[in-house]
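Colleague: Could you take me closely through one part of this structure, a helix between two paired strands, and the enclosed space beside it? Please begin with anything unusual in the backbone and give the cut-offs behind your terms.

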Amino acid sequence: MIRSRVAVVPKRRSLALAVAALALVPFAVQAQAAFPSKALTIVVPFSAGGTTDILARVVGQYLSKDLGQPVIIDNRAGAGGNIGAQMVARAAPDGYTLLMGTVGTHAINQSLYKKMAFDPIKDFAPITRVALVPNLLVANPGQPYKSVKELIAYAKANPGKVSFASSGSGTSIHLSGEMFSQMAGVEMQHIPYKGSAPALTDLLGGQTAIMFDNMPSVIGHVKAGKLRPLAVTTPQRSPALPDVPTIAEAGVPGYSATSWFGLLAPASTPAPVIAKLNASILKALADPEVKKKMAEQGAEPHGEKPEQFAEFIRSETAKWGQTVKQSGATAD
């Protein structure tokens, strides 16, 4: 017969523990009310210079001014954003360590990687989306094609000879290229990098031919004449480059791909802290100077409530999971 043992706590000790627990409540409430009382860190899961980094710095600068504390940008690139995301998932849930998440880290990677060291939904507390960003199909000026139709014709005549760079396997940039290959019926060679910045370096140097990059990363090079814009990946043209057609307009009907970026905290971060961060970020996205900086980069500010962002992440996970499955892409 198995007997269970039940610990009996003396009444005086039980009362003392209860009083001690209650005594801690005011301190916890006070700590949340005083948030933030020290520097915050926004982890960017890609290298410096890419779109995720650019947006984090624009938002971080405003948060620092609004919250009265320094905001540190910490670039932790690798594994399609998983290294930086994992770091935040394991951080203390106090609101001081945040992640600039992407469609890759929170909608694509769990379908792309067989093993994940974190759960993109269960291990995070969504704060808000920050921006929607079109991808821009750009080519090194030394390439012989000047339009999407010319690119398709060249790729069909030279199977596998058109190389397209990306910020990493399974990122929205990579899958934008895979989607293009499938829909245009062409064979291209994918060259993955650890972030947009190193990928752009090789594209500018002519080591790769084209790239489907987030607009903020490439628009400066386009305006300087260092890269040739062929098309945007969104259903509508971008106000930042109104003369550049959409891929659908330029020869691949029905093509559409949009990247998004948003801030998240570790799961179990107190609701009052999440609410305070959400309010501050929404103020930032409504600020004329922030909106101007984002518009110059081709990004569209997009703020929302935490629960709306959480629901959006769930819907994006289902959508991109299907895209990954159809493309056969894998990162393992």
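Modeller: Pro36 lies in the loop between helix 1 (11-33) and strand 1 (40-44), where helices (H or I, at least four residues) and strands (E, at least two) are DSSP runs numbered from the N terminus. The peptide bond that leads into Pro36 from Phe35 is cis, with omega near -5 degrees. This is a predicted model, in which local features need pLDDT of at least 70, side-chain atom pairs count only at pLDDT 80 or more, and totals for chains, interfaces and linings use all residues. Residues are numbered from 1 along each chain as its sequence is written, and side-chain values use heavy atoms, without hydrogens or water.

The part you ask about is centred on helix 6. Strand 5 (residues 163-166) and strand 6 (residues 189-192) run parallel and are joined by four bridges; strands pair if DSSP finds at least two bridges between them. In this pairing, Ser163 stands opposite Gln189 of strand 6. Between the two strands the chain passes through helix 6 (residues 172-184), and the resulting β-α-β crossover is right-handed, that is, clockwise over the helix with the strands pointing away from the viewer.

The length of helix 6 agrees with expectation, because its 13 residues, at 1.5 Å a residue, should span 18 Å and its end C-alpha atoms are 18 Å apart; the expected span takes one less than the number of residues. Of the 13 residues of helix 6, 10 are buried, so the helix is largely enclosed by the rest of the structure. Buried means under 20% relative accessible area, exposed over 50%, and partly exposed in between (1.4 Å probe, protein chains only). The buried residues of helix 6 are Ser172, Ile173, His174, Leu175, Ser176, Gly177, Met179, Phe180, Ser181 and Ala184. After helix 6 comes Gly185, with a positive phi near 70 degrees.

Helix 6 also borders an enclosed space. On a 1 Å grid, a cavity is a set of points where a 1.4 Å probe fits but cannot get out, and lining residues have an atom within 4 Å of a point. This rule gives a count of one cavity of 30 Å³ or more. The largest cavity holds about 150 Å³ of space. Its lining comprises 18 residues, and Phe46, Thr52, Ser167, Ile173 and Asn214 lie nearest its centre. Two or more lining residues come from each of helix 2 (51-67), helix 4 (103-112), helix 6 and strand 9 (258-266). Helix 2 gives the largest share, three residues. Ile173 thus appears twice, as a buried residue of helix 6 and among those nearest the cavity centre.

Strand 9 leads on to another backbone feature. Ser268 lies in the loop between strand 9 and helix 10 (271-286). Although Ser268 is a residue other than glycine, its phi is positive, near 75 degrees. Ser268 counts as exposed because its relative accessible area is 65%. Ala79, likewise not a glycine, has a positive phi of about 55 degrees. Ala79 is found in the loop between strand 2 (71-75) and helix 3 (82-89), and its relative accessibility of 36% makes it partly exposed.

Methods. 1 Å grid on protein atoms, 1.4 Å probe; cavity = no way out; pocket = protein on both sides within 12 Å on 5 of 7 lines; lining within 4 Å. Points joined across faces, edges and corners; volume = space filled by probe spheres on them.
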